[in-house]
Amino acid sequence: MLPDAEAESAIRGASRRVGRVVAWLAVLAGPLLTIAGLVVLQPAGAPSMRDGGAPAPSAVPEGWAEMYVRAWLSATRDDPAGLETFYPPGMKSQRAAGTQVPVDTAVVSATSPAPGTWSVVVVADVLVLQPDGKRTASLLCAQVAMAGTGDTYVAASLPSPVACPGTLGAAALAYDQVADPAGPIGQSVTGFLAAYLAGQGQLDRFVSPGASLGLPKPAPFAAVQLAEVRTHEKFEPGQAARPPDGTAVHSLVRASAWDATGQSTPVDYALTLVARAGRWEINRIDSVPLLAGR
């Protein structure tokens with residue numbers, strides 16, 4: 001048996017079951033229920049029809065394309081993984097079970113080059129077995145050609161691996177000042193993260209009145225250790241210890257979050273803190289960090 005085969009079987013099984021649900025919908029429920037099931041795969045708020053009544057270029061085929069790529073990557077010599085549901089000619093994979101496992105997929109782009117045809121690029125996060133018996137995660141992008149009439153769709157060919165979108169260099173952030181993790185700002189951040197991520201202590205003690213910060217439930221971690229605090233604002237020595245009420249500071253913090261098994265995960269938070277009654281309180285979790293030059 002392959003190393004880690006039991007864990008991989010669980011992952012493969014979950015992926016395979018999703019593909020089989022779509023396959024059984026197609027076989028047993030007929031076209032109408034198949035379409036209804038695929039609508040669930042659409043992004044929220046995506047338009048389902050054009051003004052003229054024709055389907056929007058990527059409304060339904062995106063979901064089919066994702067499931068098709070998952071089936072294509074999951075197929076083995078012993079299990080076609082329902083590939084023929086999307087591509088009737090099918091194929092005979094020569095891969096052994098567990099050597100290639102799609103963990104997740106997402107649509108990168110979708111276009112309609114001509115009426116009734118779609119080109120969808122899907123990115124897949126794949127675990128691949130290496131010669132040394134270890135598995136490495138990699139991203140694979142595949143272009144899917146689809147044809148359809150508005151209520152039925154079919155892949156015109158097997159997926160075609162293509163180049164994934166490029167990645168820019170590291171973003172330049174606007175947090176040039178280093179704060180002491182044991183200082184006033186660091187103490188407030190430490191208490192906030194412990195309550196927010198590990199359920200340790202009362203969150204209200206570290207949050208501004210009226211701030212809307214719902215707790216993750218259940219708490220995703222067992223403990224948190226603050227590693228670094230950086231601020232956008234510059235403070236003179238001792239100034240951060242006695243801030244006037246209403247003073248705001250924008251901070252980027254990094255911490256190690258520990259789970260119940262003793263494994264740690266690094267996390268970053270962009271926070272806005274506001275002074276009240278001589279102490280710093282978290283006013284909000286910023287949606288994006290401050291970028292330099294913006």
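These legends describe close-up views of a predicted model of one protein chain.

**View 1. The whole chain combines three helices and 10 strands.** Along the sequence the order is α-α-β-β-β-β-β-β-α-β-β-β-β. The chain has 294 residues, and 38% of them count as buried. Take the contacts between residues at least 6 apart in sequence: 55% of these join residues at least 24 apart. The accessible surface is about 16200 Å². Carbon and sulfur atoms account for 57% of that surface.

**View 2. The largest nonpolar core gathers 29 residues.** Phe192 and Leu193 have the most contacts inside this core. Five elements are listed as giving two or more residues each: α3 (184-198), β7 (223-231), β8 (248-258), β9 (264-276) and β10 (279-285). Helix α3 provides the largest share, eight residues.

**View 3. Phenylalanine 192 and its contacts beyond the local sequence.** Neighbours within four places in sequence are left aside here. Phe192 then touches Leu203, Phe206, Val207 and Leu213. Phe192 is also in contact with Leu271, Ile282 and Ile285.

**View 4. A second core is separate from the largest one.** This second core has 21 residues. Among them are Trp72, Leu73, Leu83 and Tyr87.

**View 5. A cis peptide bond joins lysine 217 to proline 218.** The omega angle of this bond is near -5°. Proline 218 sits in the loop that runs between α3 and β7.

**View 6. Alanine 81 has a positive phi.** The angle is about 60°, although the residue is not a glycine. Alanine 81 belongs to the loop between α2 (61-74) and β1 (100-114). Is this alanine 81 buried or exposed? Alanine 81 counts as buried because its relative accessibility is 4%, and the cut-off for buried is under 20%.

**View 7. Alanine 277 also has a positive phi.** Its phi is near 55°, again in a residue other than glycine. Alanine 277 lies in the loop between β9 and β10. Where alanine 81 is buried, alanine 277 is exposed. The relative accessible area of alanine 277 is 64%, so this residue passes the cut-off for exposed, which is over 50%.

Conventions: Residues are numbered from 1 along each chain as its sequence is written. This is a predicted model: local features need pLDDT of at least 70, side-chain atom pairs count only at pLDDT 80 or more; totals for chains, interfaces and linings use all residues. Side-chain values use heavy atoms; hydrogens and water are left out. A nonpolar core is a set of buried Ala, Val, Leu, Ile, Met, Phe, Trp, Tyr and Cys residues joined through side-chain atoms within 4.5 Å. Buried means under 20% relative accessible area, exposed over 50%, partly exposed in between (1.4 Å probe, protein chains only). Helices (H or I, at least four residues) and strands (E, at least two) are DSSP runs, numbered from the N terminus. Contact means heavy atoms within 4.5 Å. Accessible areas come from the Shrake-Rupley method with a 1.4 Å probe; for residues, only the protein chains shown count as cover.
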